[in-house]
Amino acid sequence: EVDGAADGGARYDAAKCAAVDERFLAMLPPLAGHDDLLERDGAPACVLPEALEALGLPSNARIRVSAGSGDNMCSALGAGACVPGRMVLSLGTSGTLFGCSEAAVSDATGTVAPFRDATGHHLPLLCLQNCTSALNEVARGYGMPHEELARLAADEPPGCGGLTFLPYVSGERTPNWPHATGALLGVSPGLLRPGAVYRAALEGVTFALLAGYDRMRELGVDAKELRLVGGGSSNKLWRQIIADAFQLPLRFPAEPESAALGAALQAAAAFASAGVGSYVRDKADPPLLPELVEPDAATAAHYAAAFQRHQALGKKLFDGE
């Protein structure tokens, strides 16, 4: 784990390294972020001569160097989430929720993972193992396309009349329930209709993500808006369910491949000899689609009750096993 140093840089947490092994800290490489590499001996950092030779490149080549990054870090850049208050919610086979934080976040429960972002700030992150995969199980089970199921689900009420879908079809990492399975609870006459089950699945995944967001808020990380990416973000019903359950507005990056755009922005900042955070904020804030999904305050109580039911049932079935 990396902590901010008094000089504004970063350093390894010596105590945590020692808990792994007393020799571990000495084995780690020095830390350098993008901004640390803007200049080297008074000039922009470039590939070293010996590396150029090893790669068979011209000895006089001036190839700029930046720090490495990761998919979620680049996705945050590409979605414009490099300032506190903007969070990215990625809806793919797995689901992730992450955002910029000026302070380090350490979660003893393991729900929120501590990362650094591509700007030198912190990037607390939640990863849910089961996201669109749970919806695919419903679609396969009924032999119906997602579009038709979503149309039917739109006619169902928030909370699905008490039907609860626990989406842990592949076990789950957040919470740490590898033994968990998917579960459909609260079935009463008529509630196995396709639209109700599909909406319960949408709500079940949303509530699992919301539980992680609640933990982030307990740790001091809050959002003013969510920026949706990933294949599931095109589902308009799911968009509204997320906005209503989180009670936050949703925005949508114009470039769907936000991680690829973020990597390009980091490279552009290196070429311009600029700090990546300031470059993105001041010169290249990624564009958003005009669509804005606002939360419906009238549904808040319905979703809050369904969320509490979802959390209680999951703990009864899987917690402590």
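1. E218 is exposed, with a relative accessible area of 58%. Its side chain meets that of R215 in a salt bridge, at 2.8 Å from N to O. Both R215 and E218 belong to helix α7, where they stand three residues apart, about one turn of the helix. The pairing does not end there: salt bridges with shared partners join D107, R215 and E218 into one network. The model under discussion is a predicted one.

2. A second pair in helix α7 is E203 with R199, four residues apart and again about one turn of the helix. The closest N and O atoms of this salt bridge are 3.1 Å apart. Is E203 buried or exposed? E203 has a relative accessible area of 2%, and since the cut-off for buried is under 20%, E203 counts as buried. R199 is likewise buried, with a relative accessible area of 5%. Both partners of this salt bridge are thus on the buried side of the cut-off, whereas E218 in the pair of point 1 is exposed.

3. The salt bridge between E156 and R193 has its closest N and O atoms 2.7 Å apart. Here the pair links distant parts of the chain, with the two positions 37 residues apart in sequence. E156 sits in the loop between α6 (146–153) and β6 (164–167), and R193 in the loop between β7 (182–185) and α7. E156 is buried, at a relative accessible area of 10%, while R193 is partly exposed, at 37%. In total, the structure holds 12 salt bridges.

4. Helix α7 also packs against helix α5 (residues 132–142), with the axes 9 Å apart and an angle of about 170°. Angles over 145 degrees count as roughly antiparallel, and α5 and α7 are therefore roughly antiparallel to each other. On the α5 side the contact is made by A134, L135, V138 and Y142. On the α7 side it is made by P194, V197, Y198, A201, L202 and V205. What classes of residue make up the contact of α5 with α7? There are 10 nonpolar residues, no polar and no charged ones.

5. The contact of α4 (residues 71–78) with α9 (residues 258–271) has another geometry: the axes come within 6 Å and cross at roughly 80°. That angle falls in the range of 65 to 115 degrees, so α4 and α9 are roughly perpendicular to each other. From α4 the contact takes in D71, C74, S75, L77 and G78. From α9 it takes in S258, A259, L261, G262, A263, L265 and Q266. By class, this contact of α4 with α9 has six nonpolar, five polar and one charged residue.

6. The largest nonpolar core has 57 residues. Which residues have the most contacts inside this core? They are L97, L226, W238, I242 and F246. Helix α7 (residues 194–218) supplies the largest share of the core, 13 residues. Leaving aside residues up to four places away in sequence, F246 touches L97, T206, L209, L210, Y213 and L226. Another core lies apart from the largest one; it has 20 residues, among them L123, L265, A269 and A284.

7. N235 is placed in the loop between β8 (223–229) and α8 (236–246). N235 is buried, with a relative accessible area of 14%. When residues up to four places away in sequence are not counted, N235 touches A150, Y198 and L202. Two of these, Y198 and L202, also take part in the contact of α5 with α7.

8. S278 lies in helix α10 (residues 276–282). At 31% relative accessibility, S278 counts as partly exposed. S278 and A76 are separated by 202 residues in sequence, and their C-alpha atoms are 14 Å apart in space.

9. As to the whole protein, the secondary structure comes to 11 helices and nine strands. The C-alpha atoms fill a box of roughly 75 × 45 × 35 Å along the principal axes. Of the 321 residues, 43% count as buried. Among contacts with a separation of 6 or more, 71% are between residues 24 or more positions apart.

Notes
Residues numbered from 1 in each chain as written. Predicted model: local features only at pLDDT ≥ 70, side-chain atom pairs only at ≥ 80, totals over all residues. Heavy atoms only, no water. Axes fitted to C-alpha atoms, helices over the stretch in contact; angles between N-to-C directions. Parallel < 35°, antiparallel > 145°, perpendicular 65-115°, else oblique. Contact = heavy atoms within 4.5 Å. Nonpolar A, V, L, I, M, F, W, Y, C, P; charged D, E, K, R; others polar. Buried < 20%, exposed > 50% of the residue type's maximum accessible area, 1.4 Å probe, protein only. Core = buried A, V, L, I, M, F, W, Y, C linked by side-chain atoms within 4.5 Å. Salt bridge = Lys/Arg side-chain N within 4 Å of Asp/Glu carboxyl O.
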